[in-house]
Amino acid sequence: ADETARKLRAQLRRTRRELHAAREILLRVNASADVRAILDNIAQTTTRIMGVDSTSIYLLDAASQRLILKATTGLFPKAVDHGSLEMGQGLTGWAAQHRQMVAVRDAQSDRRFYEVPDTRERSFRSLMAAPLISQDRVIGAINVQTLRLHTWTKSEKEFLSLISEMVAGILERAILQEQTEQRVREMQAVAEVSRAAISPLYLDEMLRVVAEMGAHAAGARFSSAHRKPGSP
């Protein structure tokens, strides 16, 4: 009975920590103004709360169908927006393609391992990755890594799964909002150009040019009509 009570208390403390961590991530995400800030906040908070050495977030590019590195706390910063994986490539790509978590103690010994070029990823040993799924659509993947060999616990797996499920919908909505705002800005720019094109000043200038061209053409016809026969 005492052992059962001890386990229940330990589980309760762990659940409280995870809920507190999830609440902190949500607060930080909601306080962010754009997708880049949201991604960075998720990566930084996850790294700190889980005590890992790196958290990386990949988003699926619809055009190329590749997973693009969008945020990281441990990989080479210049790899952001450049490092990428095919769906199914590497452990993270495998998690995205198969829509399930993967947790490996020695990532480099796993046949699925793939080092994303120019990320300095080979210095990490253990890796755990989870897909980001929103409304039954894979929108990316998140992974955590450690420099030392680490056996991932059930609690850690559950927590990363919670984070991936929690932030996927938030990320998708933020991306759609950013894309919508970009389209609005583009439409506003087109409208400004259109207004400028039909403004009175612009029309006056066009009429002046047309009048000058007409005058030149009329002058040329007048000169040709009054030219003496045989004259050059």
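Trainee: What pattern does the protein chain follow along the sequence?

Mentor: In this predicted model, the chain reads α-α-β-β-β-α-β-β-β-α-α. That comes to 5 helices and 6 strands.

Trainee: Where is Thr146 in all that?

Mentor: Thr146 sits in strand S6, which covers residues 137–146.

Trainee: Why is Thr146 called buried?

Mentor: Buried means under 20% relative accessible area. Thr146 has 8% relative accessibility, so Thr146 counts as buried. Across the protein chain, 36% of the 232 residues get that label.

Trainee: Which residues does Thr146 touch, leaving out those up to four places away in sequence?

Mentor: Val52, Asp53, Phe124, Arg125, Ser126 and Trp152. For a contact, heavy atoms have to be within 4.5 Å.

Trainee: What makes Thr146 and Arg148 a polar contact?

Mentor: The cut-off for the pair of N or O atoms is 3.5 Å. A polar atom of the Thr146 side chain lies 2.7 Å from the backbone oxygen of Arg148, so the pair is within that limit.

Trainee: Why does Arg112 count as sitting over the ring of Trp94?

Mentor: CZ of Arg must be within 6 Å of the ring centre and within 35 degrees of the ring normal. Arg112 lies over the face of Trp94, at 4.7 Å from the ring centre, so the distance fits the rule.

Trainee: How many aromatic pairs are there?

Mentor: The count comes to 0. To pair, ring centres have to lie within 6.5 Å.

Trainee: And what share of the contacts with a separation of 6 or more joins residues 24 or more positions apart?

Mentor: In the protein chain, that share is 54%.

Note on methods
Residues numbered from 1 in each chain as written. Predicted model: local features only at pLDDT ≥ 70, side-chain atom pairs only at ≥ 80, totals over all residues. Heavy atoms only, no water. Helix = DSSP H or I, 4+ residues; strand = E, 2+ residues; numbered from the N terminus. Buried < 20%, exposed > 50% of the residue type's maximum accessible area, 1.4 Å probe, protein only. Polar contact = N/O pair within 3.5 Å; in protein donor to acceptor, adjacent residues only side chain to side chain. Phe/Tyr/Trp six-rings, centres within 6.5 Å; stacked < 30°, edge-to-face > 60°.
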